[in-house]
Amino acid sequence: MRRSKLFVKTLKDAPADEVSKNAQLLIRAGFVHKVMAGVYAYTPLGIRVIEKIKQIVREEMDAVGGTELIMTALQRPEIWKETGRWDDRAVDVWFKTALKDGKPLGLAWSHEEAIIEMLKNHITSYKDLPQSMYQFQTKFRNELRSKSGIMRGREFVMKDMYSVHATEEDCDKYYQKVIEAYNRIFDRLGVGDQTFVTFASGGAFTKFSHEFQTICAAGEDTLYVNEDQTVAVNEEVLDDASAELGIDKSSLQPVVSAEVGNIFKFGTEKSEKMNFVYTDKDGAQKPLYLASYGIGVTRIMGVIAEISSDDKGLIWPSNIAPYHIYLVPIGEKGTKVADELYEKLNSEGVEVLYDDRDERPGIKFADAELMGIPYRLVVSDRTLEDDSVELYNRQADKAENVKITELVQKIKTAIA
Ligand code: ATP
Ligand code: MG
């Protein structure tokens, strides 16, 4: 992408009313546009990060047999009434609206009821089981406070998966498989070491759910973690979980974290309420076992912006960076060679943001750092004196001269 074709401008200052670090950085670097508190638009730069996060999640959900679909943002009250979740006292984040004829509608804050309603038409026999399906959807939640930038949106992107089983045992087995898939996702996103599978509040069917919590000073949760970091418990359930696990709660240390994922077993509670049954081998009608698995796609982007940044700006890990290379030409000859390298790198599948604007190099360098592009490539008349270019690694804060003949291979290895 040529910078001259990207409408995005970087800013010296974030809007005065933006208090969160992730949004300040993402706005200044041109990844998001603030519409109002908790409501952010994503620019062509921002959406590339979201799409890369989604792709990692998608690959891991596919690997455990998930199939992708998309539900609707508009929801009929009737199906939510079946489980008592249309009531604002049960769910306090609904955005409610109405059709022209006055018939009420809700904007989806979650999709469990909606998906069950749809599956009732398709899953009717033991032969149809098990199944799991997922989507990436914009969820709407009328959050009371929204001061954490894109970490707490009033509209935000979630991946939600649902699995349907004939037996509790099958559900448990699959649930365990998804925990492993989630661990792979967080490893691939570069936050595996800081992310804990955490005991959290459950529901009517199970005492606990599991949250995936990433250590992050801007998070809104507190975890209690044991010394060898094998047990993590959300503060909300500290007493219950430590008693259940037989551990002394004073041996656990508190850390501030952000909930990046949450998975639940519903047992047969929801299917009983919504009359979601299947016919077993003997012809008997039985309620289905259900589980749901959420990941906050845009929240993770915010968490990574928080924990992977410095005073110069963002520092994206290569696999979710919007581009791998920020290309800066200097001088007439430098520009001619940069043009050629831009074509060459593109054809090799390297994603390049080419700063072809008529601006001083210092301005371009500052943008490369603020945007957090993993590598900056400078082609100048001087580097070309010995047929080289300068490759600067944002994460390591190190520059080296690389011969043009070795450049493509070097970059491909670096971003692999
Ligand atoms: P929280 O406790 O932070 O309000 P939640 O428990 O209500 O979140 P879930 O219903 O479990 O959220 O949603 C699944 C995932 O979606 C969460 O683990 C989180 O990563 C993400 N998420 C939830 N609310 C928001 C939000 N307002 N903005 C961005 N991501 C969110
Ligand atoms: Mg949750």
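**Exercises on helix H9 and its sheet**

The buried residues of H9 (under 20% relative accessible area, 1.4 Å probe, protein chains only) are Gly 334, Val 337, Ala 338, Leu 341, Tyr 342 and Leu 345. This is a predicted model, in which local features need pLDDT of at least 70, side-chain atom pairs count only at pLDDT 80 or more, and totals for chains, interfaces and linings use all residues. Residues are numbered from 1 along each chain as its sequence is written, chains are lettered from A and ligands numbered from 1 in the order in which they are written, and side-chain values use heavy atoms, without hydrogens and water.

**Exercise 1.** Determine how the buried and exposed residues are arranged on H9.

*Solution.* Step 1: viewed down the axis of H9, the buried residues fall within an arc of 155° (taken from the directions from the axis to the C-beta atoms), so they line one face of the helix. Step 2: the face turned away from the buried side carries Glu 332, Lys 336 and Ser 347, which are exposed (over 50%).

**Exercise 2.** Identify the elements against which the buried residues of H9 pack.

*Solution.* Step 1: with contact meaning heavy atoms within 4.5 Å, the partners are strands E19 (325-330), E20 (352-354), E21 (375-380) and E22 (388-393), together with helix H11 (404-415). Step 2: the strands named here belong to an open, mixed sheet of five strands in the order E20-E19-E21-E22-E23, where two strands pair if DSSP finds at least two bridges between them. Step 3: E20 and E23 (398-403) are the edge strands, each pairing on one side only.

Technical notes. Helices (H or I, at least four residues) and strands (E, at least two) are DSSP runs, numbered from the N terminus.
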